[in-house]
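I opened my notebook to work through this fold. I wanted the sheet, the core, the ligand shell and any odd backbone spots.

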Amino acid sequence: MSMAEVASEKKSVAQFLKENRPKLNWHFTTACNFKCRYCFIDAARNVKLPDYLVALERLAPYFSEINFVGGEPTNDSRTLLTLMRRTRELGMKCSMVTNGYNLIHRPDKFDEVFDLCECIGISVDSLSSETNRSIGRQHARQVISFDEYVGLCRRIKSAGCRLKINTVVSALNQDEDMSDFFREVNPDRIKLFQIKPSMRKVYGELLISTETYRSFVARHREFREKMVCEDNDLMTDAYYMLNSECRFMSDCSHQENRKSPSIADPSTDMEEAFGYLIVTQEKYEKRY
Ligand code: SF4
């Protein structure tokens, strides 16, 4: 059911969300220590912590879980931890998707994250240093090594969090075989995304056909029970998303970059703001 169909059933989107309480991906920061060539993070500004807290309070009746994503959520540890603590106090679950660099290089700062999160997703697009460099997955010229990724995954699992690996398949890693890594870390879930064209950024030379994407998936078929595969079609309109200005938004495949008024402003009507979500509920549910 799309949001438009929800409205046509004479049910308000707010009512639908209260009944279903989906998971929200909150791109609460645009800052990142990596520079992936296909990063499609929106050029929005970040708001201040008190505004984020107002938004969080207003989200609680409608969403059961906040997935903190970026940018890189660990780039501002104070904001991240404050928001995660408050999320739990408000009765919602927390999860996070990170590139892993700060968790590896500044582990002392993030101990609490492991207690607060049910699930931590690590984006691992390649186990080859050369490929990671060509994608832009490096900070201060340092890439994450195979052993560092393995150590981080073990840390996540030993803390009792679910481990998810997210991999974007592009022209740069389309021939890679990540099976040894998946065997070594035994993630709970593996998400393989076909690189998505963006209306906001040009990286046409990195795009691949659905056939090429499917070959990558087939190479990793021994993990099929844990795999969630999202080609361009399945990924489109499948996420509830809020950006770093606390505005609901559609994904980057939409030409028209519609964003709701900020829900950090208490005068913003939530029903009006929900009207900017473009989500096909069947696609959302298929992921779980
Ligand atoms: S790690 Fe994620 S947020 Fe950071 S540059 Fe890469 S794609 Fe963008």
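My entries follow, taken from a predicted model.

**Sheet**

I began with strand β2, residues 65-69, and its pairing with β3. The two run parallel and share four bridges. I looked for the partner of F68 and found M96 in β3 opposite. Between these strands I traced helix α4, residues 77-89; β2, α4 and β3 form a right-handed β-α-β unit.

Next I followed β3 on to β4, which spans residues 117-123. This pair is parallel too, with five bridges. C94 has C117 in β4 as its bridge partner.

Then I went from β4 to β5, residues 162-169. Again I noted a parallel pair with five bridges. Here C119 faces R162 of β5.

**Burial and core**

How many of the six residues of β3 are buried? I noted five, so I logged this strand, residues 93-98, as mostly covered. For β4 I found five of seven residues buried, so the rest of the structure largely encloses this strand.

I then turned to the largest nonpolar core, which holds 61 residues. Y52 and F68 have the most contacts inside this core. I listed the contacts of F68, setting aside neighbours within four places in sequence. They are W26, F28, P73, L80, L83, M84, C94 and M96. M96 is also the residue opposite F68 in the strand pairing.

**Ligand shell**

Which residues surround the ligand? I wrote down C32, F34, K35, C36, C39, I41, G70, G71, E72, N99 and S123. By type, I sorted the shell into five nonpolar, four polar and two charged residues.

**Backbone oddities**

I checked the peptide bonds and phi values, since most peptide bonds are trans and most residues other than glycine have a negative phi. G70 and G71 are joined by a cis peptide bond, with omega about 10 degrees. G71 sits in the loop between β2 and α4. Both glycines also appear in my list around the ligand.

R21 is not a glycine, yet its phi is positive, near 40 degrees. I placed R21 in the loop between α2 (13-20) and β1 (23-27). R21 has 14 C-beta neighbours inside 10 Å, so I marked it partly exposed.

A140 also has a positive phi, about 45 degrees, without being a glycine. I located A140 in the loop between α7 (129-135) and α8 (146-158). Is A140 buried or exposed? I marked A140 exposed, because just 7 other C-beta atoms lie within 10 Å.

Methods:
Residues are numbered from 1 along each chain as its sequence is written. This is a predicted model: local features need pLDDT of at least 70, side-chain atom pairs count only at pLDDT 80 or more; totals for chains, interfaces and linings use all residues. A nonpolar core is a set of buried Ala, Val, Leu, Ile, Met, Phe, Trp, Tyr and Cys residues joined through C-beta atoms within 7 Å. A residue is buried if 20 or more other C-beta atoms lie within 10 Å of its own, exposed if 12 or fewer, and partly exposed in between; C-beta atoms are placed from the backbone. Two residues are in contact if their C-beta atoms, placed from the backbone, lie within 7 Å. A residue is near a molecule or strand if its C-beta atom, placed from the backbone, lies within 6 Å of it. Ala, Val, Leu, Ile, Met, Phe, Trp, Tyr, Cys and Pro count as nonpolar, Asp, Glu, Lys and Arg as charged, and the others, Gly among them, as polar. Two strands pair if DSSP finds at least two bridges between them. A crossover is right-handed if, with the strands pointing away from the viewer, the path from the first strand over the helix to the second runs clockwise.
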